[in-house]
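I set out to record how two chains meet and how their strands are arranged. The entries below follow the order in which I looked things up.

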Protein chains: 2
Amino acid sequence: MSPVELYDTTLRDGTQREGIALSVPDKLRVARAIDELGVAYLEGGWPGANPKDTEFFAAAASGELALQRTTLTAFGMTRRPSAEAATDPQLAALLEAATDVVCLVGKSHVRHVTEAIGTTLEENLAMIADSVALLRAEGRRVIFDAEHFFDGHELDPAYATAVLEAAADAGAETVVLCDTNGGMLPHQVQTVTTKVVDHLADRPVGVGMHMHNDTGCAVANSLLGLQAGATHVQGTINGGGERCGNADLGTVAADLALKLGHDVMDEQALARLTPTAHAVAETMNLNPDAHAPYVGHAAFAHKAGLHASAMAKDPMLYQHIDPELVGNGTRLLVSELAGRANVRLKGAELGVDLDQDPTAVERVLDRVKTMEQAGYTFEAADASFELLLREELGETAERFAVESLRVIVDRGDEDDTRAEATMRVWVEGHRSIGTGEGNGPVDALDQAFRAAVNGALPPLDRISLVDYKVRILDDGAGTGATTRVLVTSTDGEGDWQTIGVSPNIIEASWKAMADAYRFGLRRAALREHA
Amino acid sequence: MSPVELYDTTLRDGTQREGIALSVPDKLRVARAIDELGVAYLEGGWPGANPKDTEFFAAAASGELALQRTTLTAFGMTRRPSAEAATDPQLAALLEAATDVVCLVGKSHVRHVTEAIGTTLEENLAMIADSVALLRAEGRRVIFDAEHFFDGHELDPAYATAVLEAAADAGAETVVLCDTNGGMLPHQVQTVTTKVVDHLADRPVGVGMHMHNDTGCAVANSLLGLQAGATHVQGTINGGGERCGNADLGTVAADLALKLGHDVMDEQALARLTPTAHAVAETMNLNPDAHAPYVGHAAFAHKAGLHASAMAKDPMLYQHIDPELVGNGTRLLVSELAGRANVRLKGAELGVDLDQDPTAVERVLDRVKTMEQAGYTFEAADASFELLLREELGETAERFAVESLRVIVDRGDEDDTRAEATMRVWVEGHRSIGTGEGNGPVDALDQAFRAAVNGALPPLDRISLVDYKVRILDDGAGTGATTRVLVTSTDGEGDWQTIGVSPNIIEASWKAMADAYRFGLRRAALREHA
């Protein structure tokens with residue numbers, strides 16, 4: 001196999017999954033996480049198609065995104081039928097996104113050309129050639145996504161191939177074969193990709209794969225396409241996407257790197273695969289799939305019993321790779337969630353020296369295990385985890401304690417719902433009570449806390465809660481289910497994430513908020529001493 | 001491809017998934033559901049290994065199970081090293097299970113023989129031959145699972161092949177190549193299976209596939225093995241199993257039947273694939289995967305907008321099969337881009353005739369647009385959308401009205417948070433007040449509503465809220481952000497989804513719950529009139 005480049009489309013095709021709505025800060029967070037994996041390309045979105053994507057590219061162009069290892073690309077369509085490329089608003093928005101690389105999508109299926117966009121086959125070729133040429137003339141590198149390619153090739157192989165040639169001849173550096181409806185089986189992908197690679201062998205153009213999972217074969221189809229001579233592969237972190245999702249790019253990368261000896265991710269990036277997949281899922285407000293290949297919580301879980309002694313002799317008799325290579329771990333018992341090495345690594349990452357206390361790692365592990373059983377997850381709540389570590393080392397000094405809280409929500413008619421909260425708080429030996437009103441109960445709690453503290457903790461004024469996420473665990477338990485709340489807070493100089501879990505959503509919210517204030521106050525104290 | 005037989009191991013390998021614990025009645029229910037699919041074999045469990053499995057086979061032998069279309073098999077291990085087959089307790093338990101067909105597992109990897117079970121390579125061959133011969137002598141048909149076959153073949157192909165020969169020569173009718181650790185890639189499976197099929201061509205024995213999903217390729221590997229000459233394939237409904245799961249037998253079956261023209265399931269059985277997969281998931285207490293190939297709730301979901309007119313002309317331009325073939329349906333997601341065609345199609349899907357009122361579509365569109373701007377989304381809330389449609393047609397008759405509601409959450413210390421709600425409700429001209437307590441505020445509201453209604457709406461007793469999801473919109477607005485609540489409810493015969501949106505999470509929850517009750521009461525009224 002020739003060298004392979006990974007192309008991530010989590011932020012564009014991945015958001016086509018039903019119910020996904022990412023804010024611009026969410027998109028920036030996902031982009032930075034994926035950047036650390038060192039994939040060749042990261043598709044940021046479709047500028048012009050929606051305001052958030054346009055805003056995202058503006059943030060990127062302003063230097064706010066500051067990607068280190070990956071090349072940002074913008075996605076868009078070819079020019080409209082019977083129009084000029086130079087005045088096409090879509091292409092203008094693509095150029096305005098100011099990325100070095102553009103991914104342009106066009107039709108390669110005759111019926112999609114004539115029926116879906118209602119133009120002639122010749123005009124479609126011209127639309128592709130003109131659009132690629134314009135982008136090239138403006139100094140962009142172009143990747144061309146041939147939509148519905150495999151279905152199109154089945155119906156009319158000559159036309160589907162002519163589309164690829166039009167893009168290549170106009171200057172596209174890669175033409176990507178898309179299984180847009182996801183219906184292909186492995187043997188079809190092998191045959192067609194081999195033909196295409198062979199057909200384009202004389203041109204200075206690479207072939208790429210973009211597979212969907214509607215037959216359950218997206219990963220295999222991607223690999224087989226690469227083995228047939230493709231050199232570029234598109235997918236999404238966690239395999240999210242419309243309908244049954246896209247090829248899971250993390251799985252493809254691990255298969256390529258660990259089983260086919262491909263240099264698609266270096267050792268350090270591979271070891272970040274598991275935490276990155278989980279962080280991306282959390283930011284998208286999805287539960288990480290426990291059974292996902294490589295990165296799933298259960299991917300290396302063994303019911304120990306029978307195999308325990310053989311496992312101890314040689315774990316590789318029972319697992320297909322060493323899970324540490326992808327940042328995951330072997331789990332022998334049902335609830336062994338975090339390994340010692342992980343906690344130690346995490347401590348080092350946070351600047352907490354766990355070696356000063358010989359039983360600290362053990363105690364932290366015990367606590368994490370208990371809390372994770374209750375529904376906590378520290379993958380997206382670094383600040384709560386740091387507070388827990390410091391607490392185990394006896395480092396924390398509580399600045400406040402809550403004696404009681406009460407929230408009342410009432411409404412007389414549709415348009416008149418009120419939320420009110422009251423808190424009794426101790427700050428430095430002094431007890432006070434405060435009441436606040438808000439849009440909702442959580443907002444009211446925030447106001448009540450600030451009213452009760454009443455200026456006794458000045459740094460609090462700079463701390464604000466900027467994001468609040470709720471996840472219901474044990475789905476199926478209805479309104480009595482456990483609730484997990486993740487809060488992002490800022491003091492204007494940085495932000496941090498905290499977590500709270502409870503069957504009562506108000507309680508879960510308060511726990512996450514209390515950690516947020518504690519962490520923010522600690523940051524402020526450190527800055528004062530610095 | 002030769003004829004292919006499907007072998008279901010949901011009740012044995014499928015229960016190896018972490019957290020699965022099926023009672024005997026659960027196992028009987030799953031077996032009956034799978035029976036309707038008409039798979040060739042259904043593996044009931046491992047008699048002797050655990051009391052529930054022994055009990056399950058006793059129920060089957062007594063006629064209580066009464067399978068119509070599938071052949072029940074029992075799973076077990078070969079005899080112990082240096083012992084007699086005739087007196088082996090494992091084999092005795094297998095015979096006692098009284099199935100016509102037995103699936104026997106044995107080692108085919110030299111290191112598993114010498115290290116895990118600690119015997120010689122010769123003795124392992126004898127264990128296999130003796131055990132198969134004993135079962136044959138007792139009148140059983142034997143399928144032989146060669147554990148760790150692909151890894152074993154990589155290490156010592158001659159020995160792995162000798163194991164298959166030993167089983168075949170002793171009378172096994174099928175030898176199954178297991179990728180027990182799940183680490184194989186498609187090209188490896190193709191190569192090895194082709195070799196094995198070729199090697200065994202002279203013997204009266206079939207070759208089977210048993211694949212795990214640790215590289216994300218279980219379905220593709222199964223298909224490629226069959227295309228290389230295997231004639232038997234093992235898997236589980238919904239792809240459950242240890243670690244990353246087994247090959248999803250439903251996906252494999254649909255791929256084989258609909259794309260490779262195989263007679264593995266008849267038309268009626270295929271059309272039961274979606275309800276069966278969901279029923280099996282429910283019995284195993286798992287959430288059906290919305291993104292699963294063929295059977296997922298989102299497997300044929302389309303964000304219509306742009307494509308609506310082309311979709312209306314020919315839906316097959318946008319989907320790889322007709323979803324009705326597998327008992328699933330096309331879902332058009334009503335989104336902000338919703339056009340008239342969409343609303344009309346959606347109305348038809350719900351059996352609401354929008355043509356009877358000339359301005360209805362326009363009014364619905366306006367309302368959807370306004371509500372979507374406020375944060376509503378009807379993609380996952382069909383019931384709320386149907387209520388909206390019917391309301392615009394003047395069809396709704398409200399069964400209840402809420403005069404006021406109040407929720408109080410308070411806590412004195414960590415372990416003592418209480419939630420209480422009070423509602424004033426009008427039902428058929430009668431006003432009443434009710435109070436309820438709950439785990440959290442939403443649970444308390446549900447209790448308070450039922451207490452206030454106090455039996456005046458009898459169908460309410462059959463309606464329960466089974467799932468509750470919360471999403472925070474306009475992230476970045478912190479604790480004052482808009483909250484979207486999605487509720488799934490059931491009356492034991494079907495379920496429906498409703499939505500509520502508000503900056504106040506309690507208010508958003510109540511809106512979704514009120515729609516849930518309204519929709520459920522309407523269903524009950526329709527049933528009464530039917």
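**Entry 1: the interface of chain A and chain B**

I began with one contact pair: the side chains of B:E507 and A:R411 form a salt bridge, with an N to O distance of 3.7 Å. I note that the model is predicted, and that side-chain atom pairs count only at pLDDT 80 or more.

I then asked how many salt bridges the rule finds across the interface of chain A and chain B. The count is 4. On the side of chain A that touches chain B, strand β9(A), residues 400–411, gives the most, with 10 residues.

For polar contacts between chain A and chain B, I recorded 19 residue pairs, both members at pLDDT 80 or more. I also looked up the extent of the contact: 99 residues come from chain A and 99 residues from chain B. The two chains bury about 8,300 Å² between them, and 53% of this lies on carbon and sulfur atoms.

**Entry 2: strand β7 of chain B**

I next asked why β7(B) can be called largely enclosed by the rest of the structure. The strand covers residues 206–211, and 6 of its 6 residues are buried, so the surrounding structure largely encloses it. I checked the two faces separately. On one side B:G206, B:G208 and B:H210 are buried, and on the other side B:V207, B:M209 and B:M211 are buried as well. This listing fits the general pattern that side chains in a regular strand alternate between the two faces of the sheet.

**Entry 3: the neighbours of β7(B)**

I looked up which strands pair with β7(B). Strand β6(B), residues 174–179, pairs with β7(B) in the parallel sense over 6 bridges. Within this pairing, B:L177 stands opposite B:M209 of β7(B). From β6(B) the chain passes through helix α8(B), residues 186–199, to β7(B), and this β-α-β crossover is right-handed.

Strand β8(B), residues 232–235, also pairs with β7(B) in the parallel sense, over 3 bridges. Here B:G208 is opposite B:H232 of β8(B). The connection from β7(B) to β8(B) runs through helix α9(B), residues 218–227, and is a right-handed β-α-β crossover.

**Entry 4: strand β8 of chain B**

I asked whether the faces of β8(B) are covered or open. Both are covered: B:H232 and B:Q234 are buried on one side, and B:V233 and B:G235 are buried on the other. I then followed the sheet to strand β1(B), residues 5–8, which runs parallel to β8(B) and is joined to it by 4 bridges. B:D8 stands opposite B:G235 of β8(B).

**Entry 5: strand β5 of chain A**

I turned to chain A and looked up β5(A), residues 141–147. This strand is mostly covered, with 6 of its 7 residues buried. Strand β4(A), residues 101–107, runs parallel to β5(A), and 7 bridges join the two. In β5(A), A:D145 is the bridge partner of A:V105.

I also recorded the pairing of β5(A) with β6(A), residues 174–179: these strands run parallel and are joined by 4 bridges. In β6(A), A:V175 stands opposite A:F144.

Definitions and conventions
Residues numbered from 1 in each chain as written. Chains lettered and ligands numbered in written order. Predicted model: local features only at pLDDT ≥ 70, side-chain atom pairs only at ≥ 80, totals over all residues. Heavy atoms only, no water. Buried < 20%, exposed > 50% of the residue type's maximum accessible area, 1.4 Å probe, protein only. Pairing = 2+ DSSP bridges. Right-handed = clockwise from strand over helix to strand, strands pointing away. Contact = heavy atoms within 4.5 Å. Buried area = accessible area lost by both parts, 1.4 Å probe. Polar contact = N/O pair within 3.5 Å; in protein donor to acceptor, adjacent residues only side chain to side chain.
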